[in-house]
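Biologist: I would like a close look at a single part of this model, taken slowly and with the contacts spelled out.

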Amino acid sequence: MGVPLDYSGIIPEGWEIREFPASYYLVFFHPTFDYLKDNGDVMGRVENLAWNYDIKEFNSGKFAWNEEVCQCYQRHYPEVLGYQVLRPIILK
């Protein structure tokens, strides 16, 4: 991820190059945590919030989900980033 548009180098087997449109993202996260002790609880809480959040509550309803155009992301690096769910949004 993150190669220039004109990239012409080697593409590993099973990989592909796709272009993703730019978007703003609403990030739901939990800071660093003990993976072995808290992973299930942390992921459950963050995902519950992210997938059930009413976007109309954000910034007086000026935004909408942009998931038909852009993809959602998850970042999971408990000792450094914690856990994050990123959902694309667009200004109405």
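Which residues make up the largest nonpolar core?

Modeller: Bearing in mind that this is a predicted model, the largest nonpolar core has 11 residues in all, namely Leu 26, Phe 28, Phe 33, Val 42, Val 46, Ala 50, Ile 55, Phe 63, Tyr 83, Val 85 and Ile 89. Two or more of these residues come from each of strand E1 (24–30), helix H1 (35–52) and strand E4 (82–91). Val 46 is a useful place to begin, for, when its neighbours within four places in sequence are left aside, Val 46 is in contact with Phe 28, Phe 29, His 30, Tyr 83 and Val 85. Of the elements named above, E4 also has a strand partner, since E3 (residues 73–77) pairs with E4 in the antiparallel sense over 5 bridges, and a hairpin of 4 residues joins E3 to E4. Within this pairing, Arg 75 has Gln 84 in E4 as its bridge partner.

Another core member, Phe 63, leads to the aromatic rings, where the count comes to 3 aromatic pairs. One of them is formed by Phe 58 and Phe 63, whose ring centres are 5.3 Å apart and whose planes stand at 50°, so the pair is tilted, given that stacked requires planes under 30 degrees apart and edge-to-face over 60. The two partners are classed separately by accessibility: Phe 63 counts as buried because its relative accessibility is 15%, whereas Phe 58, at 26%, counts as partly exposed. A further ring to inspect is that of Trp 65, over whose face Arg 87 lies, at 3.5 Å from the ring centre.

Technical notes: Residues numbered from 1 in each chain as written. Predicted model: local features only at pLDDT ≥ 70, side-chain atom pairs only at ≥ 80, totals over all residues. Heavy atoms only, no water. Core = buried A, V, L, I, M, F, W, Y, C linked by side-chain atoms within 4.5 Å. Buried < 20%, exposed > 50% of the residue type's maximum accessible area, 1.4 Å probe, protein only. Contact = heavy atoms within 4.5 Å. Pairing = 2+ DSSP bridges. Phe/Tyr/Trp six-rings, centres within 6.5 Å; stacked < 30°, edge-to-face > 60°. Lys NZ or Arg CZ within 6 Å of the ring centre and 35° of its normal.
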